[in-house]
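Reader: I should like to discuss the fold and the cysteines of this protein. Please show the structure and begin with the terms.

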Amino acid sequence: MRIYADNAATTKMSKKAIEAMLPYFEEIYGNPSSLNTTGQIAAEALAKAREKIASLIGATSREIFFTSGGSEADNQAIITGARIGEKKGKKHIISTKFEHHAVLHTLNKLEKEGFEITLVDVNENGVVKAEDIEKAIREDTALVTVMFANNEIGTIQPIAEIGKICKDKGVLFHTDAVQAAGHLKINVDELNVDMLSVSAHKFHGPKGVGFLYCRRSVVLRTLIEGGAQERGKRAGTENLPGIAGMAAALEEAVENAEKNSNVLLPLRNRLMEGLEKIPHSKINGDKEKRLPGNVNICFEGIEGESLLLLLDEKGIEASSGSACTSGSLDPSHVLLSIGLPHDVAHGSLRLTITEENTKEEIDYIISSVTEVVDYLRQMSPVWEELVSGKREYIL
Ligand SMILES: *Cc1c(COP(=O)(O)O)cnc(C)c1O
């Protein structure tokens, strides 16, 4: 038995998304920029996919720019905000401490160029306060970028509220909605966003494709120079199979979001409550304001890496923190941002499930994690010190 519980890293493609892609490998293989018939059929399909995606988020087609995924969309949005600000002498950007690295590393690059970056704190529940963003806004603030839902702890941020503040103050606002899309309702006007990033492989679409929504009042900057695709803002022959798959996957996810969430929430809560019974553990992030499939928990006295390996042997595929930071020995910047000490942040486990998981699988995960945590603690020198009173429990 293999139980995949790493859906925040990537998802299995849906049947509908796969079917939507197939014609573009076979009959409709033309280049949408070609004037011949096959090319024009492809161009029509591209326009249809763009319209569908736009309508699903309350935008117009002219505001959708296809990219290679969430990372590229984040980069392009932030560079755009920076360049627009720079022209007006504004070189201050606001974000938060627990953004995805696609955002944080782009901000690092701009900082080296002379931009000033303010990373606002998140509270211990993993939620950013809109008023903290408001307080950080200055005369020279060019851009605010805050993620919609966090990829490690699943916490949901008050995007509409932050967007309203930015709108009133005339500051550009971008949100990385990669984890939210397909799970939470997205309407770009209700959210008051100028730019919004999405990636298909997080909602059962294909990998290597995403889009950036950019409000018509904002002139997008290009990262990739070349042909005139994407209204001249992103060169390169369009990934039409990927785009068609993404449109189908987003439509399916949006249509079923409420139904899926009703199935998923009780499963997720069962998992969370079962794991919480393990002594000296702590659920990371707000229990209410979080994505329906996310559980993130710390266990004192163990290493997350060993936990993952032993769970994998039992057929449970989980992750510690985010897939992007595995391989580095630093504890997750997200867990540190919510105030967890280094020692505890090392013992974290992220399980991201879907509505297709069963109650039996959830119970198997609970019993396996309980068993493996106990086993690892028996071998842990840190745990021995805790039990013998030489060291104080943190959790
Ligand atoms: C996965 C993810 C990204 C990166 O998206 P890719 O399509 O893999 O480049 C960016 N932001 C968040 C919050 C993510 O979860």
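Author: Contact means heavy atoms within 4.5 Å. The model is predicted, so that local features need pLDDT of at least 70 and side-chain atom pairs count only at pLDDT 80 or more, while totals for chains, interfaces and linings use all residues. Residues are numbered from 1 along each chain as its sequence is written, and side-chain values use heavy atoms, with hydrogens and water left out.

Reader: What share of the contacts with a separation of 6 or more is due to residues 24 or more positions apart?

Author: The share is taken over contacts in the protein with a separation of 6 or more. Residues 24 or more positions apart account for 73%.

Reader: Why does the radius of gyration agree with a compact globule?

Author: The radius is taken over C-alpha atoms, and the globule rule is 2.2 Å times the number of residues to the power 0.38. For 395 residues a compact globule would have a radius near 21 Å, and the agreement follows because the protein has 22 Å.

Reader: How many disulfides does a search of the whole structure find?

Author: A disulfide is a pair of cysteine sulfur atoms within 2.5 Å. The search of the whole structure gives a count of 0. Cys-166 is in no disulfide, and its nearest cysteine sulfur, 15 Å away, is that of Cys-214.

Reader: Is Cys-166 buried or exposed?

Author: Buried means under 20% relative accessible area, exposed over 50%, and partly exposed in between, with a 1.4 Å probe and protein chains only. Because its relative accessible area is 0%, Cys-166 is buried.

Reader: What percentage of the residues is buried?

Author: The percentage refers to the 395 residues in the protein. Buried residues make up 56%.
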